[in-house]
Amino acid sequence: MNLTTEQKKTVLASFLGWTLDAFDFFLLTFLLTDIATEFQTDVPAVSKALFLTLATRFIGAFFFGMLADKYGRKPILMLNIVSYSVIGALAAFSPNLGIFLALRALFGIAMGGEWGLGSSLAMESVPPSARGIVSGILQCGYPAGYLLAAVVYGLLYQQTIGGYTIGWRAMFLLSFVPALVVLFIRSHVPESPAFVEAQKTARPGMLETLQKHWGVALYAVVLMMFFNFFSHGTQDLYPTFLKKQHGFDPHTVSWITIVANIGAIVGGLAFGALSEKIGRVNAITLACIIALPAIPLWAYSSTPFMLAIGAFVMQVAVQGAWGVIPVHLNELSPGAVRATLPGFIYQAGNLAASYGGPYQAGIAEAPGGSYGYALALFAGVVAVCIIVVIRFSPERRGQVMTVLG
């Protein structure tokens, strides 16, 4: 992969933005039981924060994407990162569950903008032959953020420093850290060359563009609904599954989650690169097929070691499929709305799948239910759905990207 120094910095900035966005999101998944205890409620009630974060992300994708299609990818990406950093940290000061849920809904709006902005900036800046690998790198920001959250949780949570025990509120204050990425972007990352070139020519509006491509857009939203069920259905409640069903301590939960996310990074990089050789559709199909035999090991093992192996393989498959999505959605999207449409499609799919967390928790905590059963049910059904739906997708590997048309 031959990239210039500026292109490498652009990819790094987009990767870090998504990594730290995911870090903020996944901190919550480790803290559900503790927040429920403090607010004197149960896990399904607190898990509505996951639902609200996912459900509002499409608003941010549309709002920040429209700004980026008008004013440029770089300045709006900076604004977006500052927004989700500040709002994420404010959750630490929530006096009750209602305020906490409201802040997580606002965080979802801010979080929703980052993926579309970062992916369009990167995909428009690198050569076509590098897009598959770069796609895998960008999407690996998500499991890298999850891994970082697991490491921080394992190292800091409930530790005593200077007589103060670190609780869930202090963990949310770490959300201020992503704002530092803005300094790097401001100093080292250029604007998208495709966007700069497009300023010389009149471009069609979003409504005009969507009228020409509504079929692909609608199909992609359905596809992303299944993809979001796939990722969130295998990730968000897994720490709770390890704590409540198996009774593991924070250290054990942390290292199993770390192993899972190492697998996710391996999968994203491998299948992103593989998609350049066998095509986007075939790479996604293969990744989903791998998920199916991993389910028994991942959801029904009893020892930490076997659960970790199952989690590793499962996330190789899940994030392997996801590793192709940044490039695939950007290649499917018309250039005039590339900062808006891929992110909006992604987050509209998130909206459609947003109640998955509370629904899974309800199945798990119902009489006769279990978290293992709820996780296995979602993973199996959704993997099969993606295998079927992805076969109808257009394949546009290697097309030239402009911001016109």
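Arg 280 is buried, with a relative accessible area of 0%. In this predicted model, Arg 280 makes a salt bridge with Glu 276, and their closest N and O atoms are 3.1 Å apart. Arg 280 also pairs with Glu 331, this time with the closest N and O atoms 2.8 Å apart. That second pair links distant parts of the chain, since Glu 331 belongs to helix 16 and Arg 280 to helix 14 (residues 280-300), 51 residues apart. Both Glu 331 and Arg 280 are buried.

**The salt-bridge network**

Glu 331 has another partner to look at. Arg 131 forms a salt bridge with Glu 331, and here the closest N and O atoms are 3.6 Å apart. Glu 331 sits in helix 16 (residues 325-332) and Arg 131 in helix 6 (residues 131-139), so this pair ties together parts that are 200 residues apart in sequence. Buried or exposed: which describes Arg 131? Arg 131 counts as buried, because its relative accessibility is 2% and the cut-off for buried is under 20%. Glu 331 falls under that cut-off as well, with a relative accessible area of 1%.

Through shared partners, the salt bridges join Arg 131, Glu 276, Arg 280 and Glu 331 into one network. The structure holds 7 salt bridges, and the table gives the ones that build this network.

| Salt bridge | Closest N and O atoms |
|---|---|
| Arg 280 and Glu 276 | 3.1 Å |
| Arg 280 and Glu 331 | 2.8 Å |
| Arg 131 and Glu 331 | 3.6 Å |

As general background, side chains of opposite charge can pair when their charged atoms come close.

**The helix around Glu 331**

How many of the 8 residues of helix 16 are buried? The count is 8 of 8, so helix 16 is largely enclosed by the rest of the structure. Glu 331 is one of these buried residues, and the others are Ile 325, Pro 326, Val 327, His 328, Leu 329, Asn 330 and Leu 332.

**Enclosed space**

Let's turn from buried residues to empty space. There are 4 cavities of 30 Å³ or more in the model. The largest cavity holds about 60 Å³ of space. Which residues line the largest cavity? If you would like to select them in your viewer, they are Tyr 146, Thr 234, Gln 235, Tyr 238, Thr 257, Ala 260, Asn 261, Trp 298, Ala 311 and Gln 315.

By class, this lining has 5 nonpolar residues, 5 polar residues and no charged residues. At least two lining residues come from each of helix 11 (206-235), helix 13 (250-278) and helix 15 (304-322). Helix 13 gives the largest share, with 3 residues.

**A nonpolar patch on the surface**

On the surface, Val 82, Val 86, Leu 90, Phe 93, Leu 173 and Phe 176 make up a nonpolar patch. Together these residues have about 510 Å² of accessible area. Which helix supplies the largest share of the nonpolar patch? Helix 4 (residues 73-90) does, with 3 residues. Val 86 has its place in helix 4 and is partly exposed, with a relative accessible area of 36%.

Val 177 offers a link in space to one of the patch residues. Val 177 and Val 82 are 95 residues apart in sequence, while their C-alpha atoms are 9.7 Å apart in space. Val 177 lies in the loop between helix 8 (168-173) and helix 9 (180-188). With a relative accessibility of 40%, Val 177 counts as partly exposed.

**Two loop residues with positive phi**

Two glutamines are worth a look in a backbone plot. Gln 40 is a residue other than glycine with a positive phi, near 55°. Gln 40 lies in the loop between helix 1 (5-38) and helix 2 (43-46). Buried or exposed: which applies to Gln 40? Gln 40 is exposed, with a relative accessible area of 75%.

Gln 158 also has a positive phi, near 65°, and is likewise a residue other than glycine. Gln 158 is in the loop between helix 7 (141-156) and strand 1 (160-161). With a relative accessible area of 45%, Gln 158 is partly exposed.

Notes:
Residues numbered from 1 in each chain as written. Predicted model: local features only at pLDDT ≥ 70, side-chain atom pairs only at ≥ 80, totals over all residues. Heavy atoms only, no water. 1 Å grid on protein atoms, 1.4 Å probe; cavity = no way out; pocket = protein on both sides within 12 Å on 5 of 7 lines; lining within 4 Å. Points joined across faces, edges and corners; volume = space filled by probe spheres on them. Helix = DSSP H or I, 4+ residues; strand = E, 2+ residues; numbered from the N terminus. Nonpolar A, V, L, I, M, F, W, Y, C, P; charged D, E, K, R; others polar. Salt bridge = Lys/Arg side-chain N within 4 Å of Asp/Glu carboxyl O. Buried < 20%, exposed > 50% of the residue type's maximum accessible area, 1.4 Å probe, protein only. Patch = residues over 30% accessible without salt bridge, like charges linked within 9 Å, V, L, I, M, F, W, Y side chains within 5 Å. Areas by Shrake-Rupley, 256 points an atom, 1.4 Å probe, with all protein chains shown as cover.
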